[in-house]
Structures are given as C-alpha cells and as structure tokens.
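Hello,

Here is the structure I promised to pass along. Have a look at it first, and then read on for what turned up.

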Amino acid sequence: MISSSTFHVISTELVVGSFAMSGLCFLLHALCRYELIKSQNLISVTDNVAHFALMFGIVATPFAIFSGISASPGSGLSTPILVNKMFLSMTGLGLGLAALISRWKMGSSIIIERKPMLLQTFTGMSASGLMLLTASAGGTFARGESLLDILSLPYDIVILMPVTISVILLISGLATTASALWKILGKSTV
Amino acid sequence: MFRRIRILFVVTILLSISSFTQANPGGVGDGVFDMQCGGACHGDSSLNQTSSASISIQVEGAPYLDQPISISAVISGAQLSYSGDIGIFLLTDTTGHSDTPADAQWEILSDSNGGTNNYLEGKLISGQDNISSSWTIKPTSLTTTIFYISIHHGGDDIPYFGISQGLEVEVLPIPENLARLSSDFTPQTTRPLGEETIVSIETEDVSNVKVEWKVEGSSINTIIANSSSEGEWEFTAPASNHPSTIQWRAILEGDGPSQTTPWFTLVAQEPPFEVDEAAVYIQSFALFIFVLGFILSIQLKLSNVKTEQKHWEQTEEVLQDSPPNAPPLPNGELPPGWTMEQWQWYGHEYLEELKEEVQ
C-alpha cells in the first residue's frame, strides 16, 4: 500500500505531463491551421495527441485532487493556496472535459472551421494553463517556491462566493450542460 | 457506451475511497482524541507496528486541587526521522477509549502548540533526533490518575505506534493559605503578531507576583507583575513580529506557603485561516459544471453540426419519393371522380383494366 502523498505525487505528475503535452499540441495545431507551420501530417498528429493526452489527464485529475486532499495536513483546506488549487483544478477539469466532449461528439468539423477551431484551441490551452497553474501553486505550498513565482500570483487571496451564488451557478451550469449534451448526443455524427 | 461510463465511475469511486481509508501521513491536525484514534488516524490499527522511539514523561508542579501542573514529554529515536511527522497523545489510560484527561477529571489549560488539545502534531526538525511537547493541566477533583504519552508516526510505508510507561499523579487538597492561582484562572494561549500583550493572572491569598518568561533557547527574564485589582495581576509580554512561542510562569508569594506555577505557553501566530469547506466544494463543482456547459453551448452554436447533419440525413428523401410518370389522359380528360394526384399514381392501372375490358 502506498501513502496518499506518494499517490498524489504520481497522479499529479501524470496530470501535469498530460495537460502540458495536450496544451502544446493544441498550440501547434492552431499554428498549422494558420499555415505558420506548413505540415499536413502535423495537423492530424497534433489533433490526435492533443485530445488523447487531454483524455488521459482528465482521467488522472480526480485521483490527484482526492489524494491531495487526503495527503494535506489537517482538513485539506487549511491554507488559501489549497483552496485556490481546488478552484483552479476543477475549472481546468471542466474546460478539458468540454474540449474532449466537443471533439468526440461533434466530429472533425470543430477543428476545420475557423471559429470552432479557435474556441477548441482556446479551451484546450486554457485547461492546460489552469492545470499548470495548479501544479505551480502546489510547488509553492510544498516547497515555498515555484517557477511561476516570477508572476507574483496572489495565491493567498481566496475569492469565495456566497453559497447562494454558487448554488445558482451550479444549477444554471447543470441546466446548460444537460441541454448542450441533449443536443449534441441527439445530433451526434459519430 | 453508458455501461463503460458506469464501470469507469465505479472504478474511480473505489480508487478514491482507498486513498481516504489509508493512514493520514499528512496528519489530521491537533485535536481532542482518545487512543481509539489509532483507527482513525492510522487507517487500520491492526496494521500498526511498534515504534522503537524512546518516550520520557515528567510532571512539574505540585498537584493540588484546581491548581495547574505541567506534563512534558520528550520523544527520541532514529526511526522518527523516516517521515519527520509525529502525532503525540496525552492519555489517562490504555483502554483505547474514554482516555482523554477530561475523562479523568483533568482540564487542559494549554498545550505547547498554543491550543487546549490532548493530541498534538509536530515535525522533527532536520538534524534533530527528538521532539518535545507539553501540556498544562489542572485537576478538578481529588483523584489519582496515571498519565501516558502515546505516539503515532510513519516510516518505510508502515504506520508505527508507541506508548510510554505510566506516570501516577495523586491530587492533594489545597494547604491553608497557599499562595495560588484562582480556580477559574485560564491562561491565554495565543496572541496576534506585532503587538505587546497584557497577560492577566487571577490569584488567591497572594500579596506579590514575580513573573519569569523566556523565549525557547534563550535565558530567563524576570519582571514584577502589577496588581490591577484585588486578586488580579498583570504583566506585559513583548511584541513578536514573527511566529514564535514564549513560556512564562509566576512565583506567587503570600502569608502562606509560596508556590511557583508550571510554565505556560503563549504562542504568537498569524490568525489561522478558516474557510467554510462546504462553500468551497460547492463553488468548485459549480465552476466545473458551469464552464463545461458554457463551452459546450458555444461550441454547439459555432459548429456546423446542422449542416453536416443534413448532408448525412436522407430520411426525408426516402419518404418523399416522387410519383411515377403519369400516363396520358384518355380523351384528354380525367375519368369522372378522379383527381390528378390519383391519376399520377394509379392512372396506368385504370388504363390496363380498360384495355382488358375492351379485349
């Protein structure tokens, strides 16, 4: 049996590696589409790698979150950094899942047409960025330093909404997601 | 597809639960726990192995009724350095339940971490091989109690457990005219950073109070406490600009026997971070689900699902089959009672029947 902290290290390395790979491939894909990189093979490769790496990262993320809560001292939310890590990772998870479902259920059209492709690239890269930010916050918490410290990010400030607002956001999010999935699954081309 | 999602969900839940039911190498935080916490803090207590650490326990002060004494513990051993983190209990028996000081009619006035808990967590500083903790407690009834120190720590992926020899303390009645602390005196245990702190002491049968205080690792300073009113004394602890601990004790003098109190701990620290955990979890999930729905909705609007759908959708074409070519009208007119649509579909049958009748 391994301890929660060791399991957390393993799962976070998988998450960070996968999301970093995914984000890089989303960027390369966009550059190929705008013909800043001229390679037809790279278009297909970056599309596949970006989404498969994203899927792998999404699968590993819940394990990283749960093991992180279990391994942290006290209740798991004993410092502002840990609260911000929770918000960042869950938002990143939502963005990543949205990108993956879009590509899976809407087909290749979303990476061919300009506007959907831009949104898909933005979503994928944002998910990667938020996950890397989460990892950076983890480094600051565990070791007191991180590569992104040069940005002087305000990890000690927590923007916590009133529960009422969160519940409204949750309900509207559930309704929007259910509606979107209903339409997507009803019209899936796959 | 839904079957696969269900399997993935179940596997995820099982794996997540497994991480919660293990030991807590990060600790559970200070608190009031009995030794049964060996199950809660260290996962399955049957997996515990005996720690080789050495535990010494000693008491300071005279154990008079309602008067504080100090119990301190020093834990040492190379095995502690494997994980560095250690949990230390002050217990009053070894049955595993109902064994906190409160269960034996003792009140914890302060602990060395600045709280009033019987379970403390500490970290072995790199280069050291021992860690110490202390509690200031007072008896609330005339009783005899055996105190134990129990420890939990990790190492080599194994949870370790240890317990000290018992230390018997018999509570005595208060001698006549004993210079003493008031029975309802509760020492201040924490204070904010950057501010001088006025510490109050309530006493009985006391005419003079001297206070000794020290910062860990430095020499003892002595000051005279000022009397603020009958039986109340005050002294000022200097400000601390960074988290630190000072210890102080009072030398009480009066008409009766003098008495020196045990060391009390005063911790200067930043206010602890507190947050409504339920609100954090709700907001986290709300952010997740809202972002998911928002992006999917926009992508749905931008993408050409409808166009592509029409390209593959041929149901209408199959259903709306065009009628066969209409046969020529006999004598240039529709037969009586026919419509043009009926003629287009069934006109050729009418002509064939007419031809057979003529033959």
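**What turned up**

Right after α3(A) comes Gly107(A), which has a positive phi, near 80°. Before going further, please keep in mind that this is a predicted model.

Let me stay with α3(A) for a moment, since several findings gather around that helix. Helix α3 of chain A covers residues 80-106. Does its length fit what its residue count would suggest, or what should its 27 residues span at 1.5 Å a residue? The expected figure is 39 Å, and the end C-alpha atoms are 39 Å apart, so the two agree. As for its surroundings, 22 of the 27 residues of α3(A) are buried, so the rest of the structure largely encloses this helix.

How do α3(A) and α4(A) pack? Helix α4 of chain A runs over residues 114-143, and its axis lies 8 Å from that of α3(A), at an angle of about 155°. An angle over 145° counts as roughly antiparallel, and therefore α3(A) and α4(A) are roughly antiparallel to each other. The crossing is left-handed. On the residues that make this contact, the split is 12 nonpolar, 13 polar and two charged.

The other helix pair to look at in chain A is α1 (residues 4-33) with α2 (residues 40-71), whose axes come within 6 Å and cross at roughly 155°. That angle makes α1(A) roughly antiparallel to α2(A). Here, too, the handedness is assigned: α1(A) and α2(A) cross in a left-handed way. In the contact of α1(A) with α2(A) there are 20 nonpolar residues, 14 polar ones and one charged.

Next, a glycine that links the two chains. Gly173(A) sits in helix α5 of chain A, which spans residues 163-186. Is Gly173(A) buried or exposed? With 21 other C-beta atoms within 10 Å, Gly173(A) is buried, because 20 or more is the cut-off for that class. Which residues does Gly173(A) touch, once its neighbours within four places in sequence are left aside? The contacts are with Ala286(B), Ile289(B), Phe290(B) and Gly293(B).

Finally, some overall figures for chain B. Chain B holds six helices and 20 strands. Of its 359 residues, 35% are buried. Among contacts in chain B with a separation of 6 or more, 70% are between residues 24 or more positions apart.

Happy browsing, and do write back with any thoughts.

Best wishes

Note on methods. Residues are numbered from 1 along each chain as its sequence is written. Chains are lettered from A and ligands numbered from 1 in the order in which they are written. This is a predicted model: local features need pLDDT of at least 70, side-chain atom pairs count only at pLDDT 80 or more; totals for chains, interfaces and linings use all residues. Helices (H or I, at least four residues) and strands (E, at least two) are DSSP runs, numbered from the N terminus. A residue is buried if 20 or more other C-beta atoms lie within 10 Å of its own, exposed if 12 or fewer, and partly exposed in between; C-beta atoms are placed from the backbone. Two residues are in contact if their C-beta atoms, placed from the backbone, lie within 7 Å. Axes are lines fitted to C-alpha atoms, for helices over the stretch in contact, and angles run from 0 to 180 degrees between N-to-C directions. Angles under 35 degrees count as roughly parallel, over 145 as roughly antiparallel, 65 to 115 as roughly perpendicular and the rest as oblique. A crossing is left-handed if the near helix is turned anticlockwise from the far one by less than a right angle, and right-handed if clockwise. Ala, Val, Leu, Ile, Met, Phe, Trp, Tyr, Cys and Pro count as nonpolar, Asp, Glu, Lys and Arg as charged, and the others, Gly among them, as polar. The expected span of a helix is 1.5 Å times one less than its number of residues.
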